[in-house]
Amino acid sequence: MESTDQHILALLARDGRMSYTEIGRETKLSTSAAQQRVRRLEQRGVISGYHASIDPEALGRTLMAFISIRPLDPSTDEATPSLLVKLPEITSCYSVAGDASYLLKVQVATTAELDALLTKIRQSANVTTVTTVVLTTIFQDRPLIEPE
């Protein structure tokens, strides 16, 4: 991948709403050339989308936890994510190697809500859980690429 495209990716990773004019200024391209490059990156699937970053505190969901789960019946392992997708407190589900089968990232308001969610997870998916509560986020969602 060309260094100019990498630079564009780094800029958009920091600010997905950056204008084509600003991208052009930063990369020494014309506005139309910057737009064409971004469109090509989108068409090639290098840029897979844009999203709004929502402050969990604004929604009252300040407690983040990671929950490792393992099905009690290994033959039901592949069905587990489809049983959990309807729980909105689960923001991410990762298939992992190791002692657990899946790692869930959850956002709730209180420890009581976390306790209730753990009960729902165990009952609906027939799994064991190990929970880690996040105290402080040092950094998160760092861009995969930085400007040179």
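A residue counts as buried when its relative accessible area is under 20%, as exposed when that area is over 50%, and as partly exposed in between. With this yardstick in hand, the structure shown above, which is a predicted model, can be explored through its charged pairs and its nonpolar interior.

Arginine 37 makes a good starting point. Its relative accessible area is 15%, and because this value lies under 20%, arginine 37 is buried. Arginine 37 forms a salt bridge with glutamate 2, and the closest N and O atoms of the pair are 3.0 Å apart. This pair links distant parts of the chain: arginine 37 sits in helix α3 (residues 31-43), glutamate 2 belongs to the segment before α1 (3-14), and 35 residues separate them. Glutamate 2 is partly exposed, with a relative accessible area of 47%.

Arginine 37 also forms a salt bridge with aspartate 5, where the closest N and O atoms are again 3.0 Å apart. Here, too, distant parts of the chain are linked, since aspartate 5 lies in helix α1 and arginine 37 in helix α3, 32 residues apart. Aspartate 5 has a relative accessibility of 7% and so counts as buried. Taken together, Glu2, Asp5 and Arg37 are linked in a network of salt bridges.

The structure holds four salt bridges, and another one of them joins the side chains of arginine 39 and glutamate 42, at 3.5 Å from N to O. Both of these residues lie in helix α3, three residues apart, which is about one turn of the helix. Arginine 39 counts as partly exposed at 36% relative accessibility, and glutamate 42 counts as partly exposed at 25%. As a general point, side chains of opposite charge can pair when their charged atoms come close.

Attention now turns to helix α5. This helix spans residues 111-125, 15 residues in total, and reaches 21 Å from its first C-alpha to its last, close to the 21 Å expected at 1.5 Å a residue. Its buried residues are Leu114, Leu117, Leu118, Ile121 and Ala125. These residues lie on the same side of α5 because they cover an arc of only 105° around the axis. The face turned away from this buried side carries the exposed residues Ala112, Asp115 and Gln123. What covers the buried residues of α5 includes the strands β1 (63-71), β2 (90-95), β3 (102-108) and β4 (127-133), along with helix α4 (80-84). Just after α5 comes asparagine 126, whose phi is positive, near 55°.

Helix α5 also takes part in the largest nonpolar core. Of the 17 residues in this core, Ile67, Ile69, Leu84, Leu104, Val106, Leu114 and Ile121 touch the most other members. The elements giving two or more residues to this core are β1, β3 and α5, and the largest share, five residues, comes from α5. Valine 106 shows how such contacts can reach across the chain: leaving aside residues up to four places away in sequence, valine 106 touches Leu63, Met64, Ala65, Ile67, Glu89, Ile90, Thr91, Leu114 and Leu117. A second, separate core has ten residues, among them Ile8, Leu9, Leu11 and Ile47.

Notes: Residues are numbered from 1 along each chain as its sequence is written. This is a predicted model: local features need pLDDT of at least 70, side-chain atom pairs count only at pLDDT 80 or more; totals for chains, interfaces and linings use all residues. Side-chain values use heavy atoms; hydrogens and water are left out. Helices (H or I, at least four residues) and strands (E, at least two) are DSSP runs, numbered from the N terminus. The expected span of a helix is 1.5 Å times one less than its number of residues. Buried means under 20% relative accessible area, exposed over 50%, partly exposed in between (1.4 Å probe, protein chains only). The arc is that of the directions from the helix axis to the C-beta atoms. Contact means heavy atoms within 4.5 Å. A nonpolar core is a set of buried Ala, Val, Leu, Ile, Met, Phe, Trp, Tyr and Cys residues joined through side-chain atoms within 4.5 Å.
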